[in-house]
Amino acid sequence: FLSGIKESLAERGYECELVVQTYENDKFEKAAAPIVQNNYNGVLVGAASPSDLQYLETLDPPMPVVLINRESNRFSTVGANSGNMGLQAASLIRQRGYTEVSIIQAERSYFATAKRTTAFIYACHQLNIQVRPEWIFKGPNTIAGGSVAAEAYCALHDRPRMLFCESDCMAQGALYTLRKYGLYCPQDLELLSIATQAPETMQYLIPSVSTISMPTPKIADTAIAVLTAAMQSGDTTPTHIELEPVICLRESFRLSGAAAGTR
């Protein structure tokens, strides 16, 4: 995301000092002093929790603020529809003919990530795809966490042949464990993952992993466009832009007769 911001600024010839201010979820208030004190000309906020958003709504910053992948009535927002990503994943799985699916999920999901998975489960129910509680496996949102969660999946006696991963990070670990137990995609099961990292992360695995991806570079570029326009005009009227996710079907999951590529 930061690379996308830098590239967007460079393409626009916009010279500025880019400051990265880290903060802990639910503790945004501790990092907000520079905003309150008007130390910046513009602010991008990512990964805010519900309580962080609630605090932000109490502020009246003099500079434009753009939220990434969040909703707000007061500030501009740029992102992808998390609920729609979950719905698209369920629809692809149903098109493939599956009526049962297992889920590998982070035990402590980000706000938007949890929203995507909740939407996915709801869409599965609407499309008559079974998602039993005993088919949902959790672990840390890391490669190792995905590997551990996949251990529990592999231990199932009668497991679904469709596996949905909440994050591309966990999908990498899941593939390692599947291979360890002699399970191969797409021969023994198929795997579809939500992705937020660079496409190469999933493209150069064996097998390459089918994903529904956040259009991160486009989100970064659009956020910069909205922010710099507001900085130059002084108009802080909220702008809300929703971008479409990118579907890339690779070796781990393909619709019948579909070639690998982007949709």
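What is the volume of the largest cavity? The largest cavity has a volume of about 40 Å³. The structure open in the viewer is a predicted model, and the tour below proceeds from its enclosed and open spaces to its strands and then to individual residues.

**First stop: the cavity**

Please select Leu175, Leu178, Arg179, Leu183, Tyr184, Cys185, Ile206 and Pro207, the residues that line the largest cavity. Coloured by class, this lining shows seven nonpolar residues, one charged residue and no polar ones. One cavity of 30 Å³ or more is counted in the model.

**Second stop: the pocket**

Next, turn to the largest pocket, which holds about 1600 Å³ of space. Its lining consists of 48 residues, and those closest to the centre of the pocket are Phe1, Leu44, Val45, Gly46 and Ile68. These five make a convenient selection on which to centre the view.

To see which parts of the fold surround the pocket, display α1 (2-12), α2 (28-31), β1 (43-46), α6 (111-126), α8 (168-180) and α10 (216-233), the elements that each give two or more residues to its lining. Helix α10 gives the most, with six residues. By class, the lining of the largest pocket divides into 28 nonpolar, 13 polar and seven charged residues.

**Third stop: strands β4 and β5**

Select residues 102-106, which form strand β4, together with β5; the two strands run parallel and are joined by four bridges. Within this pair, Ile103 stands opposite Ile136 of β5. Following the chain from β4, one passes through α6 to reach β5, and this β-α-β crossover is right-handed.

Strand β5 itself, residues 136-139, has two unlike faces: Phe137 and Gly139 lie on the covered face, whereas Ile136 and Lys138 lie on the uncovered one.

Remain in β4 and select Gln105, which is found in this strand. Is Gln105 buried or exposed? Its relative accessible area is 13%, under the 20% limit, and Gln105 therefore counts as buried. Beyond its neighbours within four places in sequence, Gln105 is in contact with Thr117, Ile136, Phe137, Lys138, Gly139, Glu166 and Met170.

**Fourth stop: strand β8 and its partners**

Move to residues 210-213, strand β8, where both faces are covered. Ser210 and Ile212 are buried on one side, and Thr211 and Ser213 are buried on the other.

Now add the two partner strands. Strand β7, residues 190-195, pairs with β8 in the parallel sense over four bridges; here the bridge partner of Leu192 is Ser210 in β8. Strand β10, residues 246-249, runs antiparallel to β8 and is joined to β8 by three bridges. In that pairing, Ser213 stands opposite Val246 of β10.

**Fifth stop: Ala48**

Select Ala48 in the loop between β1 and α4 (50-56). The relative accessibility of Ala48 is 2%, and so this residue counts as buried. Which residues does Ala48 contact, leaving aside its neighbours within four places in sequence? The contacts are Tyr23, Asn25, Leu53, Arg70 and Phe111. For one of these, Tyr23, a distance may be drawn in the viewer: Ala48 and Tyr23 are 25 residues apart in sequence, and their C-alpha atoms are 9.3 Å apart in space.

**Sixth stop: Leu9**

Go next to helix α1 and select Leu9, which is found there. With a relative accessibility of 9%, Leu9 counts as buried because that value is under 20%. Not counting residues up to four places away in sequence, Leu9 touches Tyr14, Cys16 and Ile224. Then draw a line from Leu9 to Ala149: these residues are 140 places apart along the chain, and their C-alpha atoms are separated by 40 Å.

**Final stop: Ala155**

The tour ends at Ala155, in the loop between α7 (143-154) and β6 (162-165). Is Ala155 buried or exposed? Its relative accessible area of 65% is over 50%, so Ala155 is exposed. A last distance links this loop with a residue already visited at the pocket: the C-alpha atoms of Ala155 and Gly46 are separated by 37 Å, and the two residues are 109 apart along the chain.

Terms used:
Residues are numbered from 1 along each chain as its sequence is written. This is a predicted model: local features need pLDDT of at least 70, side-chain atom pairs count only at pLDDT 80 or more; totals for chains, interfaces and linings use all residues. Side-chain values use heavy atoms; hydrogens and water are left out. On a 1 Å grid over the protein atoms alone, a cavity is a set of points where a 1.4 Å probe fits but cannot get out, and a pocket is an open set with protein on both sides within 12 Å along at least five of seven lines; lining residues have an atom within 4 Å of a point. Grid points are joined across faces, edges and corners, and a volume is the space filled by probe spheres set on the points. Ala, Val, Leu, Ile, Met, Phe, Trp, Tyr, Cys and Pro count as nonpolar, Asp, Glu, Lys and Arg as charged, and the others, Gly among them, as polar. Buried means under 20% relative accessible area, exposed over 50%, partly exposed in between (1.4 Å probe, protein chains only). Two strands pair if DSSP finds at least two bridges between them. A crossover is right-handed if, with the strands pointing away from the viewer, the path from the first strand over the helix to the second runs clockwise. Contact means heavy atoms within 4.5 Å.
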